[in-house]
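Colleague: Hi, do you have a few minutes to go through this protein with me? I'd like to get a feel for how it is put together.

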Amino acid sequence: MSATIDRDRLRALLEEELRDFRERHPRSREAHERARRSLVGGVPMPWMMRWAGGYPVIATEARGNRIVDLDGHEYVDLCLGDTGAMPGHGPAPVVEAVAAQLARGITTMLPTEDAAWAGEELGRRFGLPRWLFTLTATDANRAALRLARQLTGRGKVLVYSYCYHGSVDEAFAVRDPATGRTVPREGNVGPAVDVAETTVAIEFNDLPALEAALVTGEIACVLAEPAMTNMGIVLPDPGYHDALRALTREHGTLLLLDETHTFSAGPGGCTRLWELEPDLLTIGKAIGSGIPSGALGLSDAVHDRMFAQEGADYEDTGGVGGTLAGNALSLAAIRATLGEVLTEASFAHAIPLAERFADGVRQVAARHDLPWNVTQLGARAEYRFEPEPARNGTQAHDASDPELERYLHLHALNRGLLLTPFHNMALMAPSTTAADVDRHTELLDEAAATLVG
Ligand code: PMP
């Protein structure tokens with residue numbers, strides 16, 4: 001028999017943690033009160049409203065895998081800017097390269113030598129020979145979708161229910177389990193058109209649904225994370241990727257893999273680890289250590305088709321690119337990050353730590369008879385409150401427990417450890433240590449013991 005969590009007790013414990021949080025963070029509260037008068041939701045970007053304490057701690061410093069807040073508390077950071085700081089905060093080679101580039105010019109509308117270096121290195125890692133740069137992963141995805149529609153002459157994109165690929169209109173779609181229809185994801189803000197016009201949403205790991213969508217001939221491209229990472233970590237079934245590649249080829253649909261988070265799997269992401277062969281690949285966040293940067297990789301075939309076609313304007317107002325995209329600072333950050341920080345050696349350090357993290361969570365769950373599961377993708381691990389890992393986004397979504405999650409996050413935060421606010425995700429940086437991971441295990445054990453009484 002598994003232990004059950006008493007919800008009244010959980011709520012009372014959460015109240016206690018909230019009181020504790022307010023007592024421990026008076027200066028952050030004061031700063032937040034001021035920010036509430038000028039900022040939307042009191043934060044510079046709405047996602048920051050999401051922290052478990054009711055208001056965010058105000059950061060004063062972030063270095064390596066540590067953050068210090070305005071009230072002087074230091075945190076072990078397992079959130080790492082939701083992957084933007086996967087190389088750690090301010091890695092020395094990046095700080096040095098970016099500082100040097102700042103003094104030599106930030107943005108000029110001219111390439112620097114770093115750009116071709118970055119193209120070659122991304123090609124070596126991910127196997128795609130041609131690259132263009134953007135400022136975010138969102139933008140790389142937007143450009144990729146335009147390109148896919150342009151090249152195939154087809155209108156629709158296929159995504160998985162509860163995927164996330166940035167603020168990309170086409171991707172805010174889910175398959176309604178009752179009707180099988182593609183409907184807007186709950187809360188979608190001001191969609192330009194009915195999402196069913198642009199998108200077909202299916203469940204991850206559902207091959208018959210994939211085939212049924214592709215045979216219609218209306219899908220320009222499949223936009224997929226190799227493993228889903230934004231609703232827990234949902235791993236592909238054995239053979240799923242082979243079938244996905246074979247079916248997309250058979251039906252003339254392009255395959256676009258988004259490696260923004262799955263880059264945690266290794267130096268060449270899942271694409272290299274699992275020998276995947278996408279036509280297009282997008283990445284952002286970590287490749288520039290958080291200096292705005294994103295990239296879109298293309299196969300030779302896609303690149304050749306792009307320039308064989310007439311009428312699409314890639315050089316000016318055709319809808320691909322941006323003034324600051326590919327700027328000198330961004331490329332200097334990418335070069336230093338890939339060349340000196342997120343190296344083979346750094347993954348060889350971080351991946352065993354994620355294993356240690358996952359083992360720790362399993363031990364805690366077993367000790368307290370809690371029916372929790374933990375999934376791992378290289379340097380990233382995540383636990384969820386169900387006995388078995390979900391096989392698709394809808395299962396993962398339905399198994400969410402925001403109240404329990406909030407309690408665990410706040411319990412950890414009040415004791416000096418940060419988890420990603422959107423889920424129970426932990427990411428290991430090159431500077432993360434075994435002691436940092438064990439601290440998480442210790443805190444989770446303490447919280448679990450308190451919860452089950
Ligand atoms: N792709 C994936 C898989 C993501 O998780 C995210 C952001 N969480 C993005 C793209 C978009 O990144 P950004 O918000 O930096 O554009």
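**A chat about the fold**

Modeller: Sure, let's start with one pair of residues: Arg-380 has Leu-427, in β16, as its bridge partner. Keep in mind that this is a predicted model.

Colleague: In what sense do β14 and β16 pair, and over how many bridges?

Modeller: They pair in the antiparallel sense, with three bridges.

Colleague: What is the strand order in the open sheet they belong to?

Modeller: The order is β13-β14-β16, so to speak a three-strand open sheet with antiparallel pairing.

Colleague: Why is one side of β13 and of β16 left without a neighbour in the sheet?

Modeller: Because β13 and β16 (425–427) stand at the edges, and each has a single partner strand. On average, neighbouring strands here are turned by 15 degrees against each other, ignoring direction.

Colleague: Which strands of this sheet does α11 touch?

Modeller: α11 packs on the sheet and touches β13, β14 and β16. The direction of α11 makes about 175 degrees with that of β13.

Colleague: Let's zoom out. How is the protein divided into domains?

Modeller: There are domain 1 (7–86 + 344–452) and domain 2 (92–341). Their centres, taken over C-alpha atoms, are 27 Å apart.

Colleague: And how many residues does each domain bring to the contact?

Modeller: Domain 1 gives 25 residues and domain 2 gives 29 residues. On the domain 1 side, the elements that supply two or more residues are α11 (344–367), β13 (373–377), β14 (380–384) and α12 (393–398). The largest share on that side is from α12, with four residues.

Colleague: What classes of residue are on that side of domain 1?

Modeller: Nine nonpolar, 11 polar and five charged residues.

Colleague: New topic: the seven-strand sheet. Which strands are at its edges?

Modeller: The open sheet runs β4-β12-β11-β10-β9-β5-β8 with mixed pairing, and the edge strands are β4 (130–134) and β8 (199–202). From one strand to the next, the twist averages 20 degrees. Inside it, β5 (156–160) and β9 (219–224) pair in the parallel sense over three bridges, and Val-157 is opposite Cys-221 in β9.

Colleague: What does helix α5 lie across?

Modeller: Helix α5 (137–152) lies across β4, β5, β9, β10, β11 and β12, at about 165 degrees to β11.

Colleague: Last one, the ligand. Which residues come nearest?

Modeller: Thr-136, Ala-137, Thr-138, Gly-166 and Thr-260 do, out of 14 residues around the ligand. By class, that shell has two nonpolar, eight polar and four charged residues.

Notes
Residues are numbered from 1 along each chain as its sequence is written. This is a predicted model: local features need pLDDT of at least 70, side-chain atom pairs count only at pLDDT 80 or more; totals for chains, interfaces and linings use all residues. Domain bounds come from an automatic or database domain assignment. Two residues are in contact if their C-beta atoms, placed from the backbone, lie within 7 Å. Ala, Val, Leu, Ile, Met, Phe, Trp, Tyr, Cys and Pro count as nonpolar, Asp, Glu, Lys and Arg as charged, and the others, Gly among them, as polar. Two strands pair if DSSP finds at least two bridges between them. Axes are lines fitted to C-alpha atoms, for helices over the stretch in contact, and angles run from 0 to 180 degrees between N-to-C directions. A residue is near a molecule or strand if its C-beta atom, placed from the backbone, lies within 6 Å of it.
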